[in-house]
Amino acid sequence: MGSVSREILHDVPPYIRVYKDGTIDRLVGTELIPPTTDPETGVISKDIIISPETGISARIFRPPLTTTQKLPLIIYFHGGAFVIASPAEPKYHTSVAKLVSESRAIGVSVDYRLAPEQPLPTAFDDSYDALKWVSSHAPGGSGPESGSGLEEWIKNDVDFDRIFLAGDSAGATIGHHLAIRVGSNPDPDVRFKIQGMILINPYFWGKDPIGSEKTDPIRKAMVDKWWEFVCPSDSDHGLDDPLINPFVNGAPDLAGLGCGRVIVTVSEKDILRDRGWAYYEALVKSKWNGSVEMFEVEGEDHVFHIFDPNGDKAVNMIKKLASFVSQE
């Protein structure tokens, strides 16, 4: 009987396995490290609850403060196909700390809730709640509900004219949708303008293969399976759901993107590369009034910088993203 109860219901490599008895095994991305002071960069980090009702939290990063000058804020959304990882996962902790250090910015890495326990669009809604939480610290804001006091890093040290959204893979998908939501549906609870958005190897997809997907059916089928596993149950669109495919009929108009600048990074060997280029080209052709730039890394695969943060190409990419943040 035990073997029957452990029969696999969903196997979604390399991330997650769901059994018929309801057990969920995450195969990667489960490691956790506490907030720390990084001895190399001096970046310090702390954890804070954003919403006591839902349990949404964030890890906040701050570089050494050498002056009283206020710093940009990077609101970061981690990747993991909406099913794995967290800001406390060691690779993500390290990656965000490096971006914060190089950018001389405050970082808020959002711990949105994961599928399948919390089906989509929960991750998007949690991340939007994080924007509202940040906004509560802005001049004229009501202040956060949490009384932990850690929010002083945001209230005292952030320049609210220099807010950036950033994310890799699924986190970049979240960033895109939040920028659309802010730009297309003004909300008094979001009191700042988003100056820029950083999309690292964005996870956009679709039913019909494009580019290298046409000659790589194995990886196309793998990514198909990632989305089919998390796609909202009430969706009639499947792989062409506007949550994952920003180019289909019914997807929000890119002209409504609520930020002034965008940088998209892609990796040459990434199966998602052509979707990133398509997004860049669609933005260029759209009626959006901002500026967009593309940065391609040769010879690397998806989110390589997470796995090899000290490699020359990863260091170079982080420097490029930091330069994007520091532009006036």
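In what order do the 8 strands of the open sheet stand? I'll start there, and I should say at once that this is a predicted model. The order is β4-β5-β7-β6-β8-β9-β10-β11, and the pairing is mixed. The edges are taken by β4, residues 44–51, and β11, residues 291–297; each has a single partner strand, so one side of each has no neighbour in the sheet. On average, neighbouring strands here are turned by 20° against each other, with direction ignored.

Now to strand β6, residues 71–77. It pairs with two strands that I will take in turn. With β8, residues 158–168, β6 runs parallel, and 6 bridges join the two. One position to look at is L71, which stands opposite V158 in β8. With β7, residues 106–111, the sense is again parallel, over 5 bridges. There, L73 has I106 of β7 as its bridge partner. As for burial, 7 of the 7 residues of β6 are buried, so the strand is largely enclosed by the rest of the structure.

Further along the sheet, β9, residues 194–200, and β10, residues 259–267, pair in the parallel sense through 6 bridges. G196 has R261 in β10 as its bridge partner.

Next, the connection from β6 to β7. Together with helix α2, residues 90–103, these two strands make a right-handed β-α-β unit. Helix α2 lies across β4, β5, β6, β7 and β8, and it runs at about 45° to β5, residues 56–62.

Two loop residues belong to this part of the chain, and both have a positive phi without being glycine. F82 is in the loop between β6 and α2, with phi near 70°. At a relative accessible area of 0%, F82 is buried. R104 is in the loop between α2 and β7, and its phi is about 55°. R104 has a relative accessible area of 30%, so it counts as partly exposed.

F82 also comes up in the core. Which residues touch the most other members of the largest nonpolar core? They are I75, F82, Y203, W227, L257 and V262, in a core of 103 residues. Taking L257 from that list, and leaving aside neighbours within four places in sequence, its contacts are H176, A179, I180, G183, M197, V262, Y279, L283 and W288. V262 is thus both a contact of L257 and another of the core residues just named.

On to helix α3, residues 122–135. At 1.5 Å a residue, its 14 residues should span 20 Å, and the end C-alpha atoms are 20 Å apart, which agrees. Is this helix enclosed or open to its surroundings? It is largely enclosed by the rest of the structure, because 11 of its 14 residues are buried. Among the buried ones are F124, D126, Y128, L131 and W133.

D126 deserves a separate word, as a charged residue type would be worth checking by eye. D126 sits in helix α3 and is buried, with a relative accessible area of 2%. Beyond four places in sequence, D126 touches I56, Y112 and R113.

The loop leading into α3 has a cis peptide bond. A115 and P116 are joined by it, with omega about 5°, and P116 is in the loop between β7 and α3. Another cis peptide bond runs from P13 to P14, with omega near 0°. P14 is in the loop between β1, residues 8–12, and β2, residues 16–19.

Last, helix α8 and the loop after it. H305 is placed in α8, residues 304–307. Is H305 buried or exposed? Its relative accessibility is 2%, so H305 counts as buried. Not counting neighbours within four places in sequence, H305 is in contact with S95, D168, I200, A314 and M317.

N310 lies in the loop between α8 and α9, residues 312–326. With a relative accessible area of 55%, N310 is exposed. Leaving out residues up to four places away in sequence, N310 touches K98 and V315. N310 and K98 are 212 residues apart in sequence, while their C-alpha atoms are 9.6 Å apart in space.

That is the end of the tour.

Methods: Residues are numbered from 1 along each chain as its sequence is written. This is a predicted model: local features need pLDDT of at least 70, side-chain atom pairs count only at pLDDT 80 or more; totals for chains, interfaces and linings use all residues. Side-chain values use heavy atoms; hydrogens and water are left out. A nonpolar core is a set of buried Ala, Val, Leu, Ile, Met, Phe, Trp, Tyr and Cys residues joined through side-chain atoms within 4.5 Å. Buried means under 20% relative accessible area, exposed over 50%, partly exposed in between (1.4 Å probe, protein chains only). Contact means heavy atoms within 4.5 Å. Helices (H or I, at least four residues) and strands (E, at least two) are DSSP runs, numbered from the N terminus. The expected span of a helix is 1.5 Å times one less than its number of residues. Two strands pair if DSSP finds at least two bridges between them. A crossover is right-handed if, with the strands pointing away from the viewer, the path from the first strand over the helix to the second runs clockwise. Axes are lines fitted to C-alpha atoms, for helices over the stretch in contact, and angles run from 0 to 180 degrees between N-to-C directions.
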